[in-house]
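Reader: I should like a careful account of one buried charged residue and the helices that pack around its part of the chain, with every criterion stated once. Please take one site as the starting point and work outwards from there.

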Amino acid sequence: MRLTWAQPEDLVGHELRQAAEDGRDAGPAARAWAAAGGHPAPSRAGASPAPAPPELRALALRLLDELASLPVPSAAAEPASWPAITATWPASPPATHPRPAGRPGEPNPVAGTATGSRTGTGTMTGTGSRTEGGTGTGFDAELCRRLEAAWVGRAVGCLLGKPVEKLPLHAIRALGRAAGNWPPGDWFTARGVPAELLAAHPWNRRSAGTSLAENIDGMPEDDDLNYPLLGVRLLQRHGKGFTTADVGRLWLDELPAGRTFTAERLAYRNLLQGLEPPATATHHNPFREWIGALIRADVHGWTHPGDPAAAAAQAYRDAALTHTGNGLYAALFTAAAIAEAAGGRADVHTALRAGLAVVPPRSRLAEAVRHAVAAAGQHADFDHVVDELHARYGHYHWVHAVPNTALIAAALTHADGDFTRSVCRAVSGGWDTDSNGATAGSLAALVDPDGVPHRWSAPLGNRLATTVPGFDGIGFDTLAQLTAQEAARP
């Protein structure tokens, strides 16, 4: 079995699917690919079982270049540059003191100042985590409390979704019902589930041993937590004036290539080939509208409490390494919504409106979020909301940003700010269950006055596993302090 799906023959089918979504006329390319024996995009991301013959690989490379050159009809409604995106915002900007964004890969207008870049020697915390920016900066204790809840909430939501990641919706429902846990209100479990059902719908093989109710012992490693850790490290090293190129350099220094997936893996490959942003996001990268940038966005919201526009600007520079279009907008939406919630004065609905305000209003992502919020207000039974979203957006890949962002917005709206209901609804909707649970948990923990209930946080044991250097075994309390320090920096 091949270990990577970054080969051209594994990408053409996904690029054809992306072309259909953004309106490019890919008919000739699709016919040429099918006639040569090329495979369509698989429903689940993965490598084909054997390498393609040289002539098919050469055709794949040519078709990827041809598809990239096709005009995109949706471009006017879905702008790419930061000035073009902000030009779509409401006349009254959704912020109090937005920070200039800078162009991806180029110096930020604030970079190079006394606070714009730091490479301090740092100190060691009590948990063994290196804090590269030092620990002398004071911070708001109340914000620190909220940030600890957000870190824990993100971990809880992620862990809840891990065992059912990649399972189809009907399988998730069947497993939950068999355990007497539907609508879900607790961790998934194999206890009481018939063996034949488990055989028909096996748990995610990488997660089952660490994420079922009977075996949780701390927070296991997951990319949904690795990227927030890298976000903290990015701010410690470069400050809020970081550039997209800084993100790329940090990844090469700190992120194992084997811990990257889809758009992130292809951007990583592009970095190694010498490409610079924004080409890292676009060159032979059909996953550029998937969910990866969204799962990196929380830190940008956490470190700009009450300032959604500044959070979106920061998220843009991060996301532009790997994503474009709706994949990038999902990061802006998430960062802005979380920033509004982190300010400590917003309810969940206000936070979601703040997120939507930074997304181009004619984009597919904005339409999906508006529809999801409306649907969540129309049905008392959240399963009906989920069924409607799957009927409307089920043609997208299960990791695409559009359906997943819509589901997150629907879950948060329907739960009305309650933490438990938010994470359970987000995971119950299928698609990218652990990522959706993580984002919903982060935001809900900020707006729920009770934070994260002890029954959810206790199994985590204030302990996070990761391969990001310097963070393995760190506590969420320490992470909150480190994040609050970065929020307090100019």
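Author: What follows begins with the conventions, then takes up one arginine and the helix packing linked to it.

This is a predicted model, in which local features need pLDDT of at least 70 and side-chain atom pairs count only at pLDDT 80 or more, while totals for chains, interfaces and linings use all residues. Residues are numbered from 1 along each chain as its sequence is written, and side-chain values use heavy atoms, with hydrogens and water left out.

The protein has 23 helices and two strands, where helices (H or I, at least four residues) and strands (E, at least two) are DSSP runs numbered from the N terminus. Of its 490 residues, 60% are buried, a word that stands for under 20% relative accessible area, with exposed over 50% and partly exposed in between, using a 1.4 Å probe and protein chains only. Among contacts (heavy atoms within 4.5 Å) between residues at least 6 apart in sequence, 75% join residues at least 24 apart.

The site chosen is R364, which lies in helix α17, residues 364-376. R364 counts as buried because its relative accessibility is 15%. Its side chain is joined to that of E289 by a polar contact of 3.2 Å; such a contact is a pair of N or O atoms within 3.5 Å, of which, within protein, one must be able to donate a hydrogen and the other to accept it, and residues adjacent in sequence count only if both atoms are side-chain atoms. Leaving aside neighbours within four places in sequence, the residues in contact with R364 are E21, D22, S74, E78, E289, N326, Y396 and V402.

N326 leads to the packing of helix α15 on α17, since N326, Y329, A330 and F333 in α15 meet R364, L365 and V369 in α17. The residues of this contact divide into five nonpolar, one polar and one charged, where Ala, Val, Leu, Ile, Met, Phe, Trp, Tyr, Cys and Pro count as nonpolar, Asp, Glu, Lys and Arg as charged, and the others, Gly among them, as polar. The axes of α15 (residues 325-342) and α17 come within 9 Å and cross at roughly 50°, which makes α15 oblique to α17. Axes are lines fitted to C-alpha atoms, for helices over the stretch in contact, and angles run from 0 to 180 degrees between N-to-C directions; angles under 35 degrees count as roughly parallel, over 145 as roughly antiparallel, 65 to 115 as roughly perpendicular and the rest as oblique.

V402, another contact of R364, leads to a second pair of helices. Helix α18 and helix α19 (residues 401-415) pack at an angle of about 160°, with their axes 11 Å apart, and are therefore roughly antiparallel to each other. Their contact is made by F382, V385, V386, L389 and Y393 of α18 and V402, P403, A406, L407, A410, A411 and H414 of α19. By class, this contact of α18 with α19 has eleven nonpolar, one polar and no charged residues.

Helix α18 (382-393) is also among the elements that cover the buried residues of α6, together with α7 (195-200), α20 (419-428) and α21 (433-447). The buried residues of α6 (residues 169-178) are L169, A171, I172, R173, L175 and G176.
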